[in-house]
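Let's take a friendly walk through a protein model. Have a look at the sequence and the 3D view, and then we'll go through a few spots together.

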Amino acid sequence: MNKAMVIGNLGNDPEMRYTQKGAAVATFSIATTEKWKDANGVQQEHTDWHKIVAWKGLAEICGDHLKKGSKVYIEGKMQTRKWEENGITRYTTEIIAKSMEMLGGKNFDKETASSSAVHGNNGDNPPSSDMEVPF
């Protein structure tokens, strides 16, 4: 099973792009922070950044309603891409979003709160060759 679930805050506004065939793609990063006390009782903190990719209708909704600082729940699947850059093979791991729920926070838009749970129409398969990743 390949399922990823994260709750966190956007580090920047979503970047919107479109494939040559017109499919919308939104990319953004979400920060998740873990806090704990070490053996000496000192508060510790670690933040991870997760790259998120949303396609089609879900991408449009993310682009229209999410902003830097928005708190969201994202559910999707992990996917690793590779590409060549200057003769070097590069890799990146992303969460391909299947659904998104706005959770509130400092940039919460109360007008969209009633429709905050959104399920994408991304399908169960990775983007096909006609939906190349535009970055």
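Is Asn 86 buried or exposed? With 75% relative accessibility, Asn 86 counts as exposed, because the cut-off for that label is over 50%. Keep in mind as you read on that this is a predicted model.

## Two residues with an unusual phi

So where does Asn 86 sit? You'll find Asn 86 in the loop between β5 and β6. Its backbone is a bit of an oddity: Asn 86 isn't a glycine, yet it has a positive phi of about 55°. For background, most residues other than glycine have a negative phi.

Lys 56 is another case, again a residue that is not a glycine but has a positive phi of about 55°. Lys 56 belongs to helix α1, which covers residues 56-65. How accessible is Lys 56? Its relative accessibility is 31%, so Lys 56 counts as partly exposed, a label that lies between the 20% and 50% cut-offs.

## How the strands pair up

Now trace strand β5, residues 71-85, and see how it runs against β6: the two are antiparallel and are joined by 15 bridges. One residue facing across is Val 72, which stands opposite Met 102 in β6. Together β5 and β6 make a hairpin, with two residues between the strands, and Asn 86 is in that turn.

β6 has a pairing with β4 too. In which sense do β4 and β6 pair? They go parallel, over two bridges. If you'd like a spot to click on, try Val 53, whose bridge partner in β6 is Ile 96. A handy thing to know while you look at strands is that, in a regular one, the side chains alternate between the two faces of the sheet.

## The largest pocket

Time to look at the open space. The largest pocket holds about 220 Å³. How many residues line the largest pocket? There are 15 of them, and those nearest its centre are Glu 15, Thr 27, Phe 28, Ser 29 and Lys 51.

Strands we've already met turn up here again. At least two lining residues come from each of β3 (24-37), β4 (43-55) and β6 (88-104). Which of the elements gives the most to this lining? That's β4, with four residues. Sorted by class, the lining splits into five nonpolar, five polar and five charged residues.

Notes:
Residues numbered from 1 in each chain as written. Predicted model: local features only at pLDDT ≥ 70, side-chain atom pairs only at ≥ 80, totals over all residues. Heavy atoms only, no water. 1 Å grid on protein atoms, 1.4 Å probe; cavity = no way out; pocket = protein on both sides within 12 Å on 5 of 7 lines; lining within 4 Å. Points joined across faces, edges and corners; volume = space filled by probe spheres on them. Nonpolar A, V, L, I, M, F, W, Y, C, P; charged D, E, K, R; others polar. Pairing = 2+ DSSP bridges. Buried < 20%, exposed > 50% of the residue type's maximum accessible area, 1.4 Å probe, protein only.
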